[in-house]
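User: Hi, could you walk me through this one? I'd like to start with the packing and then move to the DNA.

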2 protein chains.
Amino acid sequence: MRIGELSKLSNTPTRSLRYYEEQGLIVPRRLENGYREYDPYLIDRAIQIRGLIDSGVPTKIIALILPCLDKPRGIVPDDIQPELLAILRDEREKMTQRIDFLTRNRDSIATYIDAADAALARRTAGTAA
Amino acid sequence: MRIGELSKLSNTPTRSLRYYEEQGLIVPRRLENGYREYDPYLIDRAIQIRGLIDSGVPTKIIALILPCLDKPRGIVPDDIQPELLAILRDEREKMTQRIDFLTRNRDSIATYIDAADAALARRTAGTAA
DNA sequence: TTTGACCTTCACACTAGTGTCAACCATTTA
DNA sequence: TAAATGGTTGACACTAGTGTGAAGGTCAAA
C-alpha cells in the first residue's frame with residue numbers, strides 16, 4: 001500500500017511516517033515512480049512506534065529495540081553485542097519505571113473520577129427528590 | 001529549602017524546576033532576597049512531575065490533574081466542572097493505553113534479554129569445557 | 001485533455017523541555 | 001575585603017516530533 005493508506009489504517013500522519021523513515025524505523029520499498037510502498041504488516045509497526053513515542057521512548061532507542069522485538073521468541077543472533085544488551089537492560093528498567101509511574105497516577109485519577117461521579121449522582125438524586 | 005537542595009533531592013535540574021514553576025506546576029514562596037523557598041513535600045511532587053513528563057504527559061495536562069491527585073482519597077470539590085471530568089477520563093484512557101504499550105514492549109525486551117543471557121551462558125559454558 | 005487526488009522533496013515554523021551562558025545579587029567563609 | 005558558592009532573570013540554542021505549505025510529478029477518471 002502507499003503512504004496515504006497506511007496513514008489512515010495506522011492513524012498516523014504521513015508527516016510522521018516520513019519522519020520514521022528518516023529515523024530508520026520504517027523504510028519502505030519504492031515503486032518505479034518514486035512512491036513509497038508499504039507491506040501490510042507495517043500497519044502494526046507504525047502503531048507500535050506511535051505508541052512508544054507517545055510513551056516517551058525516543059526514536060533512537062526504538063530503532064535499537066525494534067529489531068529485537070521483531071525476532072520470534074527466543075531467537076537471538078550469535079553476535080549480540082554486550083553494549084546493546086546493556087542498553088536493552090537500561091531501557092527495560094526505564095519502561096518499568098514509566099509503567100509504575102503511570103499506573104500510580106492513573107489509579108489516583110480513576111479514584112478521583114469515581115468519587116466525582118458518586119458526588120454527582122448524590123447531588124442529582126437530591127435534586128430529583 | 002532552596003532550589004539547589006530540591007534539585008539534588010529530587011534529582012531534577014534547576015532549569016526544569018524553574019520551568020515547572022513557569023508552567024504553574026510548582027510555585028514556591030519567595031524569601032525576602034528573592035530566593036525560591038520550597039517545602040519538603042515538594043520533593044515528591046518534583047519527582048512525580050518528572051516521571052509524568054518522562055512518560056509522555058505534557059505539563060499542561062499535569063497542571064490539570066495535579067490538584068486532583070493532591071486531594072485526600074474521595075474528596076471532590078462541589079463545583080467540579082464536567083469539562084475537567086471529561087479531560088480526566090480522556091487522560092485516564094490515554095495513560096492506560098500507554099501502560100499497555102509499555103508493558104507489552106517491555107515484556108518483549110525482557111524475553112529477548114533472557115534469551116540472550118541464556119545463549120551467552122551456553123556459549124561461555126561451551127568455551128570453558 | 002484537464003481536473004483532482006495522491007505522491008515527491010524541501011523548507012520553514014512551532015511546541016515541549018532542557019542546556020547553557022551572561023550579567024548580576026546574596027551569603028558565607030578565608 | 002575578597003573569594004567562593006549559590007541564588008536571580010533573560011536570552012539563545014538545541015533535540016524531538018509534528019504542522020504546513022510550496023513547487024512539482026503521477027495517474028485515473030470525467
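Analyst: Happy to! Elements that cover the buried residues of α1(A) include α2 (14–22), β2 (36–37) and α3 (42–54) of chain A. Contact here means heavy atoms within 4.5 Å, and buried means under 20% relative accessible area (1.4 Å probe, protein chains only). Helices (H or I, at least four residues) and strands (E, at least two) are DSSP runs, numbered from the N terminus. This is a predicted model, where local features need pLDDT of at least 70 and side-chain atom pairs count only at pLDDT 80 or more, while totals for chains, interfaces and linings use all residues. Residues are numbered from 1 along each chain as its sequence is written, and side-chain values use heavy atoms, with hydrogens and water left out.

User: Which are the buried residues of helix α1 of chain A?

Analyst: They are I3(A), L6(A), S7(A) and S10(A). They sit on the same side of α1(A), because they cover an arc of only 105 degrees around the axis, taken from the directions from the helix axis to the C-beta atoms.

User: Cool. On to the DNA: which element gives the most to the surface near DNA strand D?

Analyst: That's α2(A), with four residues. Near means that a heavy atom of the residue lies within 4 Å of the strand.

User: And which atom of DNA strand D does Y19(A) lie 2.8 Å from?

Analyst: A phosphate oxygen, approached by a polar side-chain atom of Y19(A). K60(A) also has a polar side-chain atom 3.2 Å from a phosphate oxygen of that strand, whereas for Y35(B) the partner is a base nitrogen, at 2.9 Å.

Definitions and conventions. Chains are lettered from A and ligands numbered from 1 in the order in which they are written. Buried means under 20% relative accessible area, exposed over 50%, partly exposed in between (1.4 Å probe, protein chains only). A polar contact is a pair of N or O atoms within 3.5 Å; within protein, one must be able to donate a hydrogen and the other to accept it, and residues adjacent in sequence count only if both atoms are side-chain atoms.
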